[in-house]
Amino acid sequence: MKVDREVTQVNLHGETSGRPMASISVLIPAYNEAEILEGTVTTVIDGLRGLGFDRYEVIVCENGSTDGTLPLALRLAREIPGVMVVSLSEPDYGAAMRAGFLAARNDVIVNFDADYYDMDFVGRALREDADIVVAAKSLADSEDTRAFLRRGASRTFGWFVRNMLKLRVTETHGMKLFHRSATQHLAMAVCSTKDLFDTELMARAEWSGLAIGELPIRTVEMRHSRSGILRRVPRTIYGLFRIRLLSREAYRTRVRPALEPVLQQAA
Ligand SMILES: Nc1nc2c(ncn2[C@@H]2O[C@H](COP(=O)(O)OP(=O)(O)OP(=O)(O)O)[C@@H](O)[C@H]2O)c(=O)[nH]1
Ligand SMILES: [Mg+2]
């Protein structure tokens, strides 16, 4: 199923397609990113201007940083038109993303990391006929130049997601493009915290029958990996079990398309 959208295609090169230009909100979650945030935000803003969007915003979604990320983000918001900040007190990736989805005003929502973004992905993803487009690191045409351990962790996590949650999507983390009209309500329904926010959101999208596209991507580490992979494991497994329980609920409450005409007749 693909949800009808008012805004259809972005005209990336100023060619007249007769279609309205898409507007875009880019969410950048940021936790202790004082070293790289300014470079990321300015590169993304320049990229959005270059792609020819008439309305754009970059929303830095910060919470709990202790290294000056918040004052830096607020300065960027003062100095650069189109930059906004949402901030909460406790560090939590999921809570920050949720706040970002709530604040986003435009038709297309893109999710980058401070250390993982690619403007070319935005252009390519907009040409896909899908509600959500994921940059998938493990596709045959993808190239993942990260350290062996980090690559292995991503692949193992992907395997668990596909098998425990019975999803087809090969990747739930990293860069994604969402058409807001199809996905905003799902983002608001997510109850998983931290990095499992992305996994639950993609699971809900697939269970709801949204069209999900995947594009190959070249992944380059912009700084050394800082996540304690081993520390993440117990929390991740527990989180996947919780999402799996949700899937039962999702299947129970879903109205299957084949039943719709019958329901209408009865009404
Ligand atoms: N607001 C907020 N953002 C976070 C939090 N944890 C991580 N992030 C951001 O989420 C993005 C991804 O986090 P990373 O620390 O790069 O995690 P990762 O990409 O899974 O792992 P490595 O890059 O390999 O260490 C970055 O932009 C972080 O700043 C958090 O608690 N709150
Ligand atoms: Mg990272």
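**Group meeting: a walk through the predicted model**

Let me start in the core. Strand β5, residues 132-136, has five of its five residues buried, so the rest of the structure largely encloses it. Keep in mind that this is a predicted model.

Stay with β5 for a moment. Which residues lie on each side of the strand? On one side sit I132, V134 and A136. On the other are V133 and A135. Every one of these is buried, so both faces are covered, going by the burial cut-off of 20 or more other C-beta atoms within 10 Å.

Now the strand's partners. β5 pairs with β8, residues 212-216, in the parallel sense, over five bridges. It also meets β7, residues 176-179, this time antiparallel, with three bridges. Take V134 as a reference point. Its bridge partner in β8 is E214. In β7, its partner is K176.

Step back to the whole chain. It holds nine helices and nine strands. There are 267 residues, and 37% of them count as buried. Next, the contacts with a separation of 6 or more: 80% of those join residues 24 or more positions apart.

How far can we trust it? Mean pLDDT for the chain is 87, and 85% of the residues reach 70 or more. There are two weak stretches to flag. Over residues 6-19, pLDDT is below 50, yet the model gives this stretch 21 contacts beyond near neighbours in sequence. Residues 255-267 also stay under 50, and there the model has one contact beyond four places in sequence. Where pLDDT is low, predicted coordinates should not be read in detail. I will leave both stretches there.

On to helix α2, residues 69-79. Which of its residues are buried? They are T69, L72, A73 and L76. These four span an arc of only 100° around the axis, which means they lie on the same side of α2. Turn the helix over. The face pointing away from the buried side carries P71 and R78, both exposed. What covers the buried residues? The cover includes two helix-and-strand neighbours from earlier in the chain, β1 at 24-30 and α1 at 37-51. It also includes β2 at 56-63 and β3 at 83-88.

Two of those strands come back at the ligand. β1, β2 and helix α3, residues 93-103, each supply at least two residues to the shell around ligand 1. Where does the largest share come from? From β2, with three residues. There are 19 residues around ligand 1, and the nearest are P29, Y31, A96, A114 and S225. By type, the shell divides into eight nonpolar, four polar and seven charged residues.

Next, some backbone geometry. Most residues other than glycine have a negative phi. Two lysines here go the other way. K166 has a positive phi of about 55° and is not a glycine. K166 lies in the loop between α5, residues 148-165, and β7. That is the β7 that bridges to β5. Is K166 buried or exposed? It counts as exposed, because it has 12 C-beta neighbours inside 10 Å.

The other lysine is K194. Its phi is also positive, at about 50°. K194 sits in the loop between α6, residues 180-189, and α7, residues 196-207. With 17 C-beta neighbours inside 10 Å, K194 counts as partly exposed.

Last, two pairs that are distant in sequence. The first involves L102, in helix α3, the helix that also contributes to the ligand 1 shell. L102 has 13 other C-beta atoms within 10 Å, so it is partly exposed. How many residues separate L102 and H185 in sequence? The answer is 83, with the two C-alpha atoms 9.6 Å apart in space.

The second pair starts from D46 in helix α1, one of the elements covering the buried residues of α2. D46 counts as exposed, because it has 11 C-beta neighbours inside 10 Å. Its partner in this pair is M119, 73 residues away in sequence and 9.5 Å away in space, C-alpha to C-alpha.

To recap: β5 is covered on both faces, α2 has its buried residues on the same side, and β2 gives the largest share of the ligand 1 shell. That's it from me.

Note on methods. Residues numbered from 1 in each chain as written. Chains lettered and ligands numbered in written order. Predicted model: local features only at pLDDT ≥ 70, side-chain atom pairs only at ≥ 80, totals over all residues. Arc of directions from axis to C-beta. Contact = placed C-beta atoms within 7 Å. Near = placed C-beta within 6 Å. Nonpolar A, V, L, I, M, F, W, Y, C, P; charged D, E, K, R; others polar. pLDDT = per-residue confidence, 0-100. Pairing = 2+ DSSP bridges.
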